[in-house]
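Reader: I should like to study this structure step by step. Could we begin with the way its strands are joined?

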Amino acid sequence: MAINKVKISSDVELKDRLVAINRVTKVTKGGRTFTFSAIVVVGNENGIIGWGLGKAGEVTAAIAKGVEAAKKNLVKVPVLKGTVPHEQTAKFGGAEVFIKPASHGTGVVAGGAMRAVLESVGITDVLAKSKGSSNPHNLVKATINALAEMRDARMVAQNRGVSMEKVFRG
């Protein structure tokens with residue numbers, strides 16, 4: 001299935017969220033060298049999301065690199081009335097995620113890395129469950145894959161070449 005890759009003009013306001021920072025130590029003959037890797041999620045809170053990984057000698061530089069990388073792989077996600085259009089599962093590595101629509105007022109019921117992704121894309125009411133690995137890298141990728149596979153009724157009608165009424169009649 002085709003993933004909805006998006007090219008964004010510079011006038012769109014993307015907000016970034018830091019998901020995780022990892023300090024990496026390299027031991028050499030001269031001592032220990034510390035570097036940092038940061039996984040960052042960017043989104044416009046209106047259906048566009050992307051993730052990036054930045055690595056640098058300082059935390060701020062790693063975050064900045066992560067944001068730049070995230071802006072290069074953006075995905076369009078259908079958001080209907082603050083929730084997702086249907087249930088969806090996805091796997092990436094050892095992480096498996098389950099996302100389910102929720103009624104208005106439920107809030108974002110999701111754990112750390114998934115919560116950052118769902119809030120950045122603009123979802124306000126959703127039930128989500130993480131199964132398997134809790135590795136933030138794989139969780140972010142699995143969540144974005146699940147969101148990218150979502151289709152709303154308008155997309156289904158367009159792909160099938162039929163009217164909206166025919167989609168709902170079955």
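Author: Two strands are said to pair if DSSP finds at least two bridges between them. The model discussed here is predicted.

Reader: How many bridges join S7 to S9, and in which sense do the two strands run?
Author: Strands of a sheet pair through backbone hydrogen bonds, either parallel or antiparallel. In this model, Lys100 stands opposite Leu127 in S9. The strands S7 and S9 run antiparallel, and the number of bridges that join them is seven.

Reader: In what order do the four strands of the open sheet lie?
Author: The edge strands, each pairing on one side only, are S6 (88-92) and S8 (108-109). The pairing in this open sheet is mixed: S6 and S7 pair in the antiparallel sense, whereas S8 and S9 run parallel. The order of the four strands is S6-S7-S9-S8.

Reader: Which residue in the turn between S6 and S7 has a positive phi?
Author: Five bridges link S6 and S7, and Ala90 stands opposite Val97 in S7. The two strands form a hairpin with two residues between them. In that turn, the residue with a positive phi, of about 60°, is Gly93.

Reader: What angle does the direction of H2 make with that of S9?
Author: Two bridges join S8 to S9, and Val108 stands opposite Val126 in S9. Helix H2 packs on the sheet and touches S7, S8 and S9. The direction of H2 makes with that of S9 an angle of about 145°.

Reader: Which element supplies the largest share of the largest nonpolar core?
Author: The largest nonpolar core has 28 residues, and Ile49, Ile99, Leu118 and Leu147 are those with the most contacts inside it. Among the elements that each supply at least two residues of this core are strand S3 (31-43), helix H2 (112-121) and helix H3 (136-148). The largest share, seven residues, comes from H3.

Reader: How many residues does the other core have?
Author: Another core lies apart from the largest one. Leu14, Val40, Ala62 and Leu74 are among its residues, and their core has a total of 10.

Reader: How far from Lys141 is the nearest side chain of opposite charge?
Author: Lys141 lies in helix H3 and, leaving aside neighbours within four places in sequence, is in contact with Trp51 and Phe92. A salt bridge requires a side-chain nitrogen of Lys or Arg within 4 Å of a carboxyl oxygen of Asp or Glu. Lys141 is buried yet has no salt bridge, and the nearest side chain of opposite charge, Glu149, is at a distance of 15 Å.

Technical notes:
Residues numbered from 1 in each chain as written. Predicted model: local features only at pLDDT ≥ 70, side-chain atom pairs only at ≥ 80, totals over all residues. Heavy atoms only, no water. Core = buried A, V, L, I, M, F, W, Y, C linked by side-chain atoms within 4.5 Å. Buried < 20%, exposed > 50% of the residue type's maximum accessible area, 1.4 Å probe, protein only. Lys, Arg positive; Asp, Glu negative; His and termini not counted. Contact = heavy atoms within 4.5 Å. Axes fitted to C-alpha atoms, helices over the stretch in contact; angles between N-to-C directions.
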